[in-house]
Amino acid sequence: MYFTKVHGLGNDFVLLDCLERGEEKIDFPSLARKICDRHFGIGADGLVLILPSDNSDIRMRIFNPDGSEPEMCGNAIRCFAKYIYERGIVQDREIKVETLAGTIIPEVLLDGNRVTAVRVNMGQPRLERREVPMLGTGSPVVDEPLLIEGKEYRATCLSMGNPHCVIFVPRVDEVQVPIRGPLLERHPSFPRKTNVEFVEVLGPAEMRMFVWERGAGETLACGTGACAVGVAGVLTGRTDREVTVHLAGGDLRIYWSASDNCVYMTGPAEEVFHGEYLIEK
Ligand code: ZDP
């Protein structure tokens with residue numbers, strides 16, 4: 001089974017072209033668990049499938065390393081768009097991609113024929129509590145106290161297709177992400193669990209974040225997470241609508257447009273290598 005290894009800011013994925021093979025007969029949750037393993041497999045933060053679509057140009061599915069299937073993935077969709085465009089699978093610079101979060105539209109940015117970056121219309125953030133989904137009452141969920149093991153967190157929660165819980169902290173370097181992250185990911189308020197972002201505001205247009213991803217653990221970057229952080233900055237009055245978000249793996253530009261209410265994410269995408277995965281039968 002031939003694959004391509006890609007990453008966006010060190011958030012890395014195994015890309016499988018399933019345009020011909022389709023998605024029959026393969027147990028993708030189990031394949032994702034094996035392939036994403038960094039010692040017994042290829043190693044990745046997710047398995048991404050390229051599939052034909054009935055209602056868009058193309059379709060993307062993604063599986064977390066634990067085999068769960070998230071609705072969307074911001075870093076993967078930039079890599080996905082680069083792959084699709086550079087191979088001429090879709091010739092438009094704006095590619096309509098069917099996902100479980102609806103149709104998402106990445107636009108490739110070019111230097112000649114090479115895709116150097118991708119700007120993605122990530123759609124409108126979902127601010128209703130039940131859309132996160134999160135238990136309790138009242139929307140939007142802004143700086144809401146969550147008590148875990150005697151420690152109070154102030155959570156701003158929203159969905160970018162997938163659930164996010166944004167925690168603003170004075171100093172992000174001091175957060176023990178592998179300890180705090182999973183406690184919030186599995187907090188009973190989140191029936192579908194949640195991705196968790198710890199964020200420090202550096203200025204009105206600049207933030208630094210670390211992410212704990214649902215079903216994946218700590219990663220170097222999270223595209224949907226950076227978008228959620230941009231929205232949370234505006235909702236809580238901490239930042240402007242256009243910000244640079246510094247992640248462990250690099251920077252993303254996030255813009256939450258007041259005119260169409262959509263979030264635009266701009267960042268790089270890299271293709272690293274091709275290989276053949278030898279599936280054990
Ligand atoms: O929602 C989830 O379960 C995430 N683990 C999906 C992956 C999100 C990602 N990090 C992104 O960039 O949006 C890939």
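Me: Where is Arg129 in this predicted model, and why is Arg129 called buried?

Reply: Arg129 sits in the loop between β7 (114-121) and β8. Buried means under 20% relative accessible area, and Arg129 has 4%, so the word applies.

Me: What makes the side chain of Arg129 a partner in polar contacts?

Reply: A polar contact is a pair of N or O atoms within 3.5 Å. The side chain of Arg129 reaches the backbone oxygen of Thr137 at 2.7 Å and the backbone oxygen of Gly138 at 2.8 Å, so both pairs fall within that limit. With sequence neighbours up to four places away left out, Arg129 also has contacts with Met134, Leu135, Gly136, Thr137, Gly138, Ser139, Val141 and Glu144.

Me: Which peptide bonds are cis, and what is omega for Val132 and Pro133?

Reply: A cis bond joins Val132 and Pro133, with omega about -10°. The bond from Ser139 to Pro140 is cis too, with omega near -10°. Pro133 is in the loop between β7 and β8, and Pro140 is in the loop between β7 and β8 as well.

Me: How do you know that β8 and β9 pair?

Reply: Two strands pair if there are at least two bridges between them. Strand β8 (residues 141-148) and strand β9 (residues 151-159) have six bridges and run antiparallel, so they count as paired. One of the matched positions is Leu146, whose bridge partner in β9 is Tyr153. The two strands form a hairpin with two residues between them, and Glu149 in the turn has a positive phi of about 45°.

Me: What makes β9 and β10 a pair?

Reply: Five bridges join β9 to strand β10 (residues 163-168), in the antiparallel sense. At least two are needed, so this is a pair. Leu158 stands opposite His164 in β10. This hairpin has three residues between its strands, and Gly161 in the turn has a positive phi of about 95°.

Me: Why is Ala232 called buried, and what does Ala232 touch?

Reply: Ala232 has 0% relative accessibility, and the limit is under 20%, so Ala232 counts as buried. Ala232 is part of helix α4 (residues 223-235). Beyond four places in sequence, Ala232 touches Thr156, Leu158, Val166 and Phe168. Ala232 and His164 are 68 residues apart in sequence and 9.9 Å apart in space, C-alpha to C-alpha.

Me: Which residues of helix α3 are buried, and what do they pack against?

Reply: In helix α3 (residues 177-185), the buried residues are Val177, Arg180, Gly181, Pro182, Leu184 and Glu185. They pack against β8, β9, β10, β11 (195-203), β12 (206-213) and β13 (217-219).

Me: Where do the nonpolar cores lie, and which residues have the most contacts inside the largest?

Reply: The largest nonpolar core has 55 residues, and Phe80, Met122 and Ile254 have the most contacts inside it. Helix α2 (residues 74-86) gives the most to this core, with eight residues. Apart from it lies another core of 20 residues, including Val132, Val169, Val177 and Val196. As a general point, nonpolar side chains tend to be buried together in soluble globular proteins.

Me: Why is Phe3 called buried, and what surrounds Phe3?

Reply: The relative accessible area of Phe3 is 7%, under the 20% limit, so Phe3 is buried. Phe3 belongs to strand β1 (residues 2-8). Outside four places in sequence, Phe3 touches Val14, Leu15, Leu16, Ile42, Phe273, His274, Gly275, Glu276 and Tyr277.

Me: How do you know that the ligand makes polar contacts with Asn11, Asn75 and Thr224?

Reply: The limit is 3.5 Å between N or O atoms. A nitrogen atom of the ligand lies 3.1 Å from a polar side-chain atom of Asn11. An oxygen atom of the ligand is 2.9 Å from a polar backbone atom of Asn75, and an oxygen atom of the ligand is 2.7 Å from an N or O atom in the side chain of Thr224. The protein covers 100% of the 380 Å² of accessible area that the ligand has on its own. There are 16 residues around the ligand, and the closest are Cys73, Gly74, Glu213, Gly223 and Thr224.

Me: Why are Lys193 and Asn261 called partly exposed?

Reply: Partly exposed lies between under 20% and over 50%. Lys193 has 32% relative accessibility, so the label applies; Asn261 has 28%, so the label applies there too. Lys193, in the loop between α3 and β11, has a positive phi near 60°. Asn261, in the loop between β15 (250-256) and β16 (263-267), has a positive phi of about 65° although it is not a glycine.

Notes. Residues numbered from 1 in each chain as written. Predicted model: local features only at pLDDT ≥ 70, side-chain atom pairs only at ≥ 80, totals over all residues. Heavy atoms only, no water. Helix = DSSP H or I, 4+ residues; strand = E, 2+ residues; numbered from the N terminus. Buried < 20%, exposed > 50% of the residue type's maximum accessible area, 1.4 Å probe, protein only. Contact = heavy atoms within 4.5 Å. Near = heavy atom within 4 Å. Polar contact = N/O pair within 3.5 Å; in protein donor to acceptor, adjacent residues only side chain to side chain. Areas by Shrake-Rupley, 256 points an atom, 1.4 Å probe, with all protein chains shown as cover. Core = buried A, V, L, I, M, F, W, Y, C linked by side-chain atoms within 4.5 Å.
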